[in-house]
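Biologist: Please take a close look at one part of this model, the patch of negative charge on the surface, and then place that part in the wider picture. A plain account for a first-year student would do.

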Amino acid sequence: MSGYVVRRLFQSVIVLIGVSILVFAIMHLVPGDPIRQALGTRGTEETYLAMRERAGLDDPLVIQYFNWIGSALTGDLGVSFRSGQPVMNLITERVPATVSLAAAAIVVALLIAIPLGTLSALKPRSPMDWFATVSSQAGLSIPDFWMGIMLILLFAGTLGWLPSGGYVGLTDDPVEWARHLIMPAVTAGVASGSIMTRFVRSSVLEALGQDYVRTARAKGMRARDVLTWHVLRNALVPLVTVGGVQLAYLLSGVVIVEIVFAWPGLGQMALIAVESRDYPLLQGAVLLFAVIFLVVNLIVDLAYAKLDPRISYEQGAAR
Amino acid sequence: MRAMARFRRDGIWRLTATAFAAVLVLAACGGDDEGVPVDGDDAENGADEGGGQGGTLIAAISGEPDQFDPHNTSAYASFQVLENVYDTLVVPDAEGEFQPSLATDWTTSEDGLTWTFNLRDDVVFHDGKEFTADDVLYSFNRIIDNEMANAYRFASVEEITAEDPQTVVITLSEPTPALLDNIGGFKGTAIIPEGAADDLDLATEANGTGPFELGDPAASGVTLTAYEDYFDGAPSIDEVEFRYIGEATTALTSLETGEIHWTDNIPPQQVESLQGEDGVEVGVSPSVDYWYLALNQEVEPWDQVEARQAVAYGVDRQQVVDVAQFGAATVNQTAIPEDNFWYHDYAPFDHDPDQAADLLSSAGVEEGQELGLMVVQDTEGVQAAQAIEANLGDIGIDVTIEQEPDGTWLDRQAEGDFDAFMWSWLGNLDPFGFYHAQHHSEGGFNAQGYDNPEVDDLLGQAATETDQDARKGLYDQAAEMIVDDVSYLYLYNPDVVQAWADGLGGYEVRPDRAINFENVTLPE
């Protein structure tokens, strides 16, 4: 197992180098000059040139890349053009809000997907199945900004149960943290939950048709135990894959949900970085997103082995 | 069958029900503190607390400040906060006239080249350091020496000296009547204490002289606390909490539910419905901002004045205002709005498609002439451009709207790679700011390539004319030529629209969009 992990980590480093070159190149190729953007229509040519030089934009691209990647290796992601603050600070300050939202959204998604997917698989082509299919379609097709606004108008405006938006830190006030989290988490979780519902349905269906399920039933095992121990456990493997991808996606920020609910997450930050051509900030953010995806994927792969003993990463290991 | 029934009963519903119950409990928690008047400090949940003196004002702004170094930032959101933290030597009042602030009074030499500012002697920075002339020298020289964003405002400044701790002398290379605007028009030329750039991380920390002290900025907002020793008297409230809320529905719902007291996040189409809303007050003021369209005068056929005038006759400004601003703007054929001292009533271009067509044919422009109109994406300029597209279609000009992200837009503007563009100028106060760099043939913002020696001459004289009435006369003449030549095709001055909770006192909407909260009282 450890040999596998080392191999995977090594591969990850190569992927990260590739990502860093790609991000760097794309950012610099995209039209739009960060300094002009910062200055707006005001400022003189002298100011413009002085600011360009200060930002190190006059060096050849290759030098700029190696300067950046060199300091990135030591944990220094540079200083944001736009805000003049270290990129590392800007990112870490938004991590708590992002992790809160991603974790809560994944919980919402699982609360939707597992019951709905299982129920519809247990009784295919029934009204329940039909309901699950239609609602997961709807969950996917309702735009999140519309859903977010509707939730705000209903639960904050009309009913007054929840705050309209904003973020309160978990350590500052746990109750307020949770109250502020509910609507964004539901909005972000519904789409993921809808995607996952379909996976749960098909993998539960598949597991139900397996010989071991028939055997378990034949030997008189209680239906609930069959479902818990034989069906759901085997159906979990594909769910972990999809759930992992969804989690990584949520962790890299859900821009629209963050904007609608004034949620200070990484997605909003990345959007501002793109708009203002804040190279250091965006490069740092994308690098972080790549790390998130790689780590989540690694954890997912390792989880397979835990969930399904037939899967093993030891070399030469037999089933 | 039986399996499912039991499963449903025992497993999943229980899980779901538990989750649901948890949600309801959370929703209920804290829901009952609404409307309970709590004094001051612990206003985490909403803006309902407060009443009378003191308390925390919660203000939702639509933008997110990039940083809090007043000399470095050019973001309006940053200045909304900094307006309450820093001071300048002079400050514009709501009418745009300059009043004393850190300077008590000032004199100008006969030749207009030497300005002497007497400073207040009772001002103390937030950290307790006394304010002196050295701080003024340090602040201005920081902007000039480091070529910072506002360095252009000091273009005519030759030397800044301290005659004594309470007197600053500014020597100019040429008379500059706009000097007060240059050094006090907004907080981009704020006074910071000597050495502040080394002692503090000005991007996130502040040491000003203003009515409030800057707290630790977070990604979701920043809180200011009252500065008790403010020279103009301690503020009427204890704190101002700025929240960044980008989505208007969220901001307006927060205002209606009492979570916030004040917001500037009001889409023009909402103004009317909001004015009928209970518990919400809407403040509207014409602004000094203006929207315009510029045709590239180095590209055929727009190098011909007739072709440009045809466009000016072809555009129905009122329609543009109705479409883009839902009426929350005032049409104007010059830059400066009515009610301003520098306003000049001049409007030669009534909407007249026939006149436009005549001018086009005399300029030799054929039916179906193409015109690429560059606008910044996701701004009200896009709707304005659509109205203009329809207007110009009627006179045979085929407009293609080119929506660009602002970075690309600025690049293309700087490179002259456009037929026409639309944009706005914000927050100008002195006519120099309105007209000079935009229309002087050597002006830094003359991207449209306007070159009229007579206008250059008038603008040059006006820039150094110290007699206010004579100066206005010069700008009026220049403005007429600029309008006649369609260097800019001026469209309208948008309104400043802000909304606040009913009963909020001591706040006024200003044409320059500066927001001051030091005299605000919270609703009972």
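Modeller: A residue counts as buried under 20% relative accessible area, as exposed over 50%, and as partly exposed in between. The model is predicted, and the values below are computed from it.

With a relative accessible area of 42%, B:Asp502 falls in the middle class, so this residue is partly exposed. In chain B, B:Asp502 lies in the segment after strand E18, which covers 489-501. B:Asp502 is also one of the residues that form the patch of negative charge on the surface. The others in that patch are B:Glu256, B:Glu277, B:Asp278 and B:Glu281. A patch takes in residues with over 30% relative accessible area and no salt bridge. The 42% of B:Asp502 is therefore over the 30% that a patch asks for.

B:Ser156 offers a case from the buried class. Its relative accessible area is 10%, which is under 20%, so B:Ser156 is buried. B:Ser156 sits in a loop of chain B, with helix H3 (133-145) before the loop and strand E6 (157-164) after it. Leaving aside residues up to four places away in sequence, B:Ser156 touches B:Thr171, B:Leu172, B:Ser173, B:Glu174 and B:Thr176.

Now the chain that holds both residues. Chain B contains 15 helices and 18 strands. Of its 524 residues, 58% are buried; B:Ser156 belongs to that class, whereas B:Asp502 is partly exposed. The accessible surface of chain B is about 20,500 Å², and carbon and sulfur atoms account for 43% of that area. For contacts in chain B between residues at least 6 apart in sequence, 68% link residues at least 24 apart.

Chain A can be described in the same terms. It has 13 helices and zero strands, so its elements, read from the N terminus, are a run of α entries. Chain A has 319 residues, and 48% of them count as buried. Its exposed area is about 15,100 Å², with 68% supplied by carbon and sulfur atoms. Contacts in chain A between residues at least 6 apart join residues at least 24 apart in 71% of cases. The C-alpha trace of chain A spans about 85 × 60 × 35 Å along its principal axes.

Charge can be described for chain A as well. Chain A carries 23 positive and 22 negative side chains, and the centres of these two sets are 15 Å apart.

Technical notes:
Residues numbered from 1 in each chain as written. Chains lettered and ligands numbered in written order. Predicted model: local features only at pLDDT ≥ 70, side-chain atom pairs only at ≥ 80, totals over all residues. Heavy atoms only, no water. Helix = DSSP H or I, 4+ residues; strand = E, 2+ residues; numbered from the N terminus. Buried < 20%, exposed > 50% of the residue type's maximum accessible area, 1.4 Å probe, protein only. Contact = heavy atoms within 4.5 Å. Areas by Shrake-Rupley, 256 points an atom, 1.4 Å probe, with all protein chains shown as cover. Lys, Arg positive; Asp, Glu negative; His and termini not counted. Charge placed at Lys NZ, Arg CZ, Asp CG, Glu CD. Patch = residues over 30% accessible without salt bridge, like charges linked within 9 Å, V, L, I, M, F, W, Y side chains within 5 Å. Salt bridge = Lys/Arg side-chain N within 4 Å of Asp/Glu carboxyl O.
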